[in-house]
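Q: I have a chain open in the viewer and would like to learn how to read it, feature by feature. Could we go through it together?

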Amino acid sequence: MGASPQLEEAQCNQYFASKSFLYKTLPHKSGPKRNRMKTLPQIDGGGDTTPKPLFGTAPDQLKLLMQSLGQSAYRATQLKDALYRQRITSLDQITTFPQSLRESLLANGYTLGLPEIVQSAKSIDGTERYLMRMADGETVETVWMPNGDGGERGDGTEAADEERDEQSNEQSNEQSNELDAPAARPDLRNRGTLTAQGYRRATICISSQVGCAVNCQFCLTAKLGIRRNLTAGEIAGQVAAALNRNHVKIGLDRINLVFMGMGEPFLNYDAFMDAVRLLGLMGIPESRMTVSTSGIEPAIRRFALEPIRPKLALSLNASNDLVREQVMPITRKWNIQALLDALNTIPLGKREYVTFEYVLLGGINDQPQHAREVLALLKGYKAKVNLIVWNPGPGIPYTQPSPEDVERFHKSLIAGGIPTYIRRPRGRDIYAACGQLKRTVDAAPPTPLVEIAPAPAS
Ligand code: SAH
Ligand code: SF4
């Protein structure tokens with residue numbers, strides 16, 4: 001049995017007493033406009049040298065910038081391609097620009113503004129955790145998972161089909177003891193390529209905030225509290241930095257993204273959605289992205305209206321409000337039924353399911369009656385469940401569920417007709433698995449690492 005942390009009313013209220021706290025971060029608009037991007041640097045060609053990041057700037061703002069520098073519109077297109085398609089790593093690399101224009105950008109304080117990988121740790125399973133530093137020195141973590149994280153399994157999408165193929169490849173590799181040397185693996189469906197590193201698809205887990213305000217009792221990120229929101233450029237920039245580091249060619253390599261790193265994406269909604277659009281410019285469609293939310297009800301309703309949106313996962317994590325309030329105090333603000341009602345407003349595609357993430361905590365939410373309650377809750381929903389065995393972290397008073405309880409829970413949900421998958425834990429040895437992301441500097445894993453080192457210069 002895991003110890004159940006007693007959550008004081010006051011502690012809960014600390015985060016959620018004021019409605020304005022949440023509504024301030026989620027301004028209501030009459031409805032989302034297609035391709036609206038708001039998180040932009042100031043446009044200024046007049047000698048202001050305050051550092052202004054270009055990465056993250058929307059195409060229409062790039063046009064205004066070029067105008068302000070007395071340039072033709074095609075220069076904006078060249079800059080957009082350099083930033084998002086070529087993923088340049090310094091302004092010198094905009095080779096389509098004359099040197100005078102590059103100098104003019106620099107003289108006006110424009111910088112590239114990509115997050116910098118300042119530290120990396122590599123797990124025995126190939127997962128890499130990057131510590132990314134933003135321009136103001138704040139850091140977040142981003143996780144690179146070669147061959148995916150198993151989260152797409154069974155969700156009915158193309159990414160899920162690939163996941164299935166990848167798994168059968170992995171199994172045959174395991175059988176022939178070739179896990180470490182997968183170089184000559186054929187692509188069964190003649191799509192995608194194998195890179196020198198031996199992967200043809202990968203999942204990147206990105207952060208949306210520095211820390212998190214939601215205070216889930218089982219999550220290491222919660223320990224940080226909230227420091228600040230990331231901008232759209234900083235969110236998409238983590239992907240650019242990870243792709244550059246791994247020499248990924250979009251179009252040849254298949255990349256899936258999960259907004260499941262540090263932070264609550266729906267409490268940084270505008271920047272998160274702007275980042276989705278930037279990532280589209282980088283060649284990653286929203287159909288390859290999944291956003292996970294702890295359950296910010298107004299934001300789920302807003303998300304339902306988006307013309308272009310990633311897949312959605314709700315962190316359910318409990319089978320009734322009582323247990324959920326204990327492990328996720330935000331439940332006192334929006335209970336399970338309110339969240340399910342909001343989810344019902346999402347117009348699901350033919351092959352689309354809503355994923356429910358369910359972290360199994362030993363003795364807390366992993367017993368047969370909990371499985372029965374989950375089945376009752378999800379009856380009638382187009383739902384898929386991902387079970388996540390709780391990943392431990394220092395100072396978090398839970399225990400992992402027993403393998404027998406995990407299996408029994410899994411079988412009960414399947415027997416009840418809900419497609420249910422057990423998520424593979426990735427990078428647990430380096431604290432890169434779900435809920436283990438806290439800045440490396442604050443929480444160095446106690447176990448020996450395969451590698452933890454400053455990132456080599458790219
Ligand atoms: N804030 C968002 C996304 C980041 S957390 C959310 O909560 O949904 C991503 C997932 O990791 C969530 O499903 C969360 O429930 C799960 N998680 C958090 N801490 C965990 C832990 N210690 N072990 C396993 N999963 C955890
Ligand atoms: Fe924040 Fe998600 Fe962790 Fe909860 S589980 S504290 S919402 S990151």
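Q: Let's take A135: how many C-beta neighbours does A135 have inside 10 Å, and what does A135 count as?

A: Keep in mind throughout that this is a predicted model. The general idea is to count neighbours: a residue is buried with 20 or more other C-beta atoms within 10 Å and exposed with 12 or fewer, with partly exposed in between. A135 has 18 such neighbours, so A135 counts as partly exposed. You will find A135 in the loop between β4 (128-133) and β5 (139-146).

Q: Which residues does A135 touch, leaving out those up to four places away in sequence?

A: A135 touches P51, P53 and G113. You can also look at P115, which is 20 residues from A135 along the chain, with 7.1 Å between the two C-alpha atoms.

Q: And G349, is that residue buried or exposed?

A: G349 has 11 C-beta neighbours inside 10 Å and therefore counts as exposed. G349 sits in the loop between α11 and β12 (354-360). As a landmark, K311 is 38 residues away in sequence, and the C-alpha atoms of G349 and K311 are 10.0 Å apart.

Q: What about P310: where is P310 found?

A: P310 belongs to the loop between α9 and β11 (311-315). Being in a loop is one thing and the neighbour count is another, so do check both: P310 is buried, because 23 other C-beta atoms lie within 10 Å. With residues up to four places away set aside, P310 touches V276, E286, M289, T290 and V291. Of these, E286 lies 24 residues from P310 in sequence, with a C-alpha to C-alpha distance of 4.7 Å.

Q: Now a helix residue, please. Which residues is A371 in contact with, beyond its neighbours within four places in sequence?

A: A371 is in helix α12 (residues 368-378), and its contacts of that kind are F409, S412 and L413. A371 has 25 other C-beta atoms within 10 Å, so A371 is buried. R408, 37 residues from A371 along the chain, has its C-alpha atom 8.9 Å from that of A371.

Q: Let's move to whole helices. Which residues of helix α3 are buried?

A: In α3, residues 59-68, the buried ones are L62, L65 and M66. The trick is to look at where they point: they cover an arc of only 95° around the axis, so they are on the same side of α3. Part of what covers these buried residues is α4 (73-85). Just after α3, you will meet G70, with a positive phi of about 75°.

Q: Which residues other than glycine have a positive phi?

A: Among them are R87, with phi near 50°, and N215, with phi near 70°. R87 lies in the loop between α4 and α5 (99-107), and is buried because 20 other C-beta atoms lie within 10 Å. N215 is in the loop between β7 (209-211) and β8 (226-229). N215 has 21 other C-beta atoms within 10 Å, so N215 is buried.

Q: How do I describe a pair of helices, and at what angle do α9 and α11 cross?

A: Two packed helices are described by the angle between their axes and the distance between the axes. For α9 (residues 297-304) and α11 (residues 336-343), the axes come within 9 Å and cross at roughly 10°. That makes α9 roughly parallel to α11. On the α9 side, E297, I300 and R301 meet A338, L339, A342 and L343 of α11. By class, the residues of this contact are five nonpolar, no polar and two charged.

Q: Next, the ligand. How many residues surround ligand 2?

A: There are 11, and the closest are C212, V214, C216, C219 and S294. Reading the shell by class gives five nonpolar, five polar and one charged residues.

Q: To finish, let's zoom out. How many helices and strands does the chain have?

A: The chain has 13 helices and 15 strands. Of its 458 residues, 47% are buried. For the contacts with a separation of 6 or more, 72% are between residues 24 or more positions apart.

Note on methods: Residues numbered from 1 in each chain as written. Chains lettered and ligands numbered in written order. Predicted model: local features only at pLDDT ≥ 70, side-chain atom pairs only at ≥ 80, totals over all residues. Helix = DSSP H or I, 4+ residues; strand = E, 2+ residues; numbered from the N terminus. Arc of directions from axis to C-beta. Contact = placed C-beta atoms within 7 Å. Near = placed C-beta within 6 Å. Nonpolar A, V, L, I, M, F, W, Y, C, P; charged D, E, K, R; others polar. Axes fitted to C-alpha atoms, helices over the stretch in contact; angles between N-to-C directions. Parallel < 35°, antiparallel > 145°, perpendicular 65-115°, else oblique.
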